[in-house]
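I opened this model to go through its fold, one helix, one loop, one sheet and one ring pair. My entries follow in the order in which I looked things up.

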Amino acid sequence: MLTLIIVAIIVIFLTIGIVWAIDKFIPKKFRSLILLVLWIGIGYLAYITFMSVYGEIKFNKLKNERYKVVIENLIDIRDSQLAHRTVTGQFQGNWDNLVKFIDTAQFTITQRRDSSVLDKEMSRRYGVDMFKDIVIIDTLDFVSVKDSLFGADLRYKTMMNVPVGIPGSKFELKAGILEENGVNIPVFEAKALKAIILDGEDKNLIAKEKDVVSVDGVNGDAIIVGSMEEINTNGNWPKNYSNKQ
């Protein structure tokens with residue numbers, strides 16, 4: 001777009017120079033028609049220059065609005081996945097199973113307390129009562145995962161749907177295990193392609209957005225939370241897109 005603007009500005013100034021030359025050197029009987037054509041050309045170039053700038057401004061505004069609602073869904077998905085890992089030890093790669101989990105699962109509320117008990121082996125060895133410290137975990141209550149995360153809101157039942165862009169699109173969801181230092185660690189990833197989110201907009205601007213590399217932008221061709229390649233449950237968006245991170 002910047003190239004187009006520069007070219008248009010150069011052409012506008014060149015055209016103005018030509019108008020001046022015509023006014024100075026062309027006979028009067030041809031001057032009016034030529035000037036009219038040139039001024040029409042100047043007006044057209046000014047219009048497309050303005051529209052190229054205004055078009056990108058409109059695109060960026062719409063893009064930010066769409067990204068924000070997509071990110072809200074991804075945050076709900078991440079919260080649901082973290083709850084699933086807390087309760088089951090694993091992430092979930094199936095939407096139906098994840099929703100069923102939210103509907104039925106419960107968090108266990110526990111309390112840790114320090115205590116001590118008689119150490120029989122050490123007591124026999126030294127002939128006096130010896131004690132050892134232990135940690136006791138008491139189960140206090142059970143709390144619904146659904147109530148904890150969403151209260152009375154049923155938005156978790158549709159959080160798998162990409163809320164903008166191509167109708168009927170769903171977030172891609174994966175879950176699995178990564179090995180790190182000999183330890184198997186659960187991972188997950190949910191994402192939506194920018195081409196889906198921005199569907200219906202200028203294809204050149206969408207292609208440009210897919211190549212974004214910026215600290216205040218969403219880098220890459222998709223909005224993603226989690227990763228199947230590293231231990232990471234963060235999203236790839238900057239803080240300005242959401243109050244919840």
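**Entry 1: overall make-up**

I counted the secondary structure of the chain first and got seven helices and five strands. The model is a predicted one, and I read every value below as computed from it. From the N terminus on, I noted the order of elements as α-α-α-β-α-β-α-β-β-α-α-β. The chain has 245 residues, and 32% of them are buried. I then took the contacts between residues at least 6 apart in sequence; 61% of these join residues at least 24 apart.

**Entry 2: helix H3**

I looked up which residues of H3, residues 95–104, are buried, and found Trp95, Leu98, Val99, Phe101 and Ile102. Viewed down the axis of H3, the buried residues fall within an arc of 155 degrees, so they line one face of the helix. I checked the other side of H3 as well, where Asp96, Lys100 and Thr104 are exposed. At the start of H3, I found a side-chain oxygen of Asn94 within 3.0 Å of the backbone nitrogen of Asp96.

**Entry 3: the loop before H3**

I moved to Gly89, which sits in the loop between helix H2 (28–88) and H3. Is Gly89 buried, exposed or partly exposed? Its relative accessible area is 33%, so Gly89 counts as partly exposed, given that buried means under 20% and exposed over 50%. Leaving out residues up to four places away in sequence, I listed what Gly89 touches and got His84 and Pro186. Gly89 and Pro186 are 97 residues apart in sequence, and I read 7.7 Å between their C-alpha atoms.

**Entry 4: the three-stranded sheet**

I traced an open sheet of three strands in the order S3-S4-S5, with antiparallel pairing. Strand S3 (172–180) and strand S5 (222–226) stand at the edges with a single partner strand each, so one side of each has no neighbour in the sheet. For the turn between neighbouring strands of this sheet, direction ignored, I noted 25 degrees on average.

I then went through the pairings. S3 and strand S4, residues 183–193, pair in the antiparallel sense over nine bridges. Which residue of S4 is the bridge partner of Ala175? I found Phe188 there. For Glu179, the bridge partner in S4 is Asn184. The hairpin of S3 and S4 has two residues between the strands, and I noted that Asn181 takes a positive phi near 55 degrees there.

On the S5 side, I found S4 and S5 pairing in the antiparallel sense over five bridges. Lys191 stands opposite Ile224 in S5. As a reminder to myself, strands of a sheet pair through backbone hydrogen bonds, either parallel or antiparallel.

**Entry 5: aromatic pairs**

I searched the whole structure for aromatic pairs and got three. I wrote down one of them, Tyr67 with Tyr241, which is tilted at 55 degrees between the planes and 5.8 Å centre to centre. Tyr67 lies in helix H2 and Tyr241 in the segment after S5, so this pair ties together parts that are 174 residues apart in sequence. I also looked up the accessibility of the two rings' residues: Tyr67 and Tyr241 are both buried.

Methods:
Residues numbered from 1 in each chain as written. Predicted model: local features only at pLDDT ≥ 70, side-chain atom pairs only at ≥ 80, totals over all residues. Heavy atoms only, no water. Buried < 20%, exposed > 50% of the residue type's maximum accessible area, 1.4 Å probe, protein only. Helix = DSSP H or I, 4+ residues; strand = E, 2+ residues; numbered from the N terminus. Arc of directions from axis to C-beta. Polar contact = N/O pair within 3.5 Å; in protein donor to acceptor, adjacent residues only side chain to side chain. Contact = heavy atoms within 4.5 Å. Pairing = 2+ DSSP bridges. Axes fitted to C-alpha atoms, helices over the stretch in contact; angles between N-to-C directions. Phe/Tyr/Trp six-rings, centres within 6.5 Å; stacked < 30°, edge-to-face > 60°.
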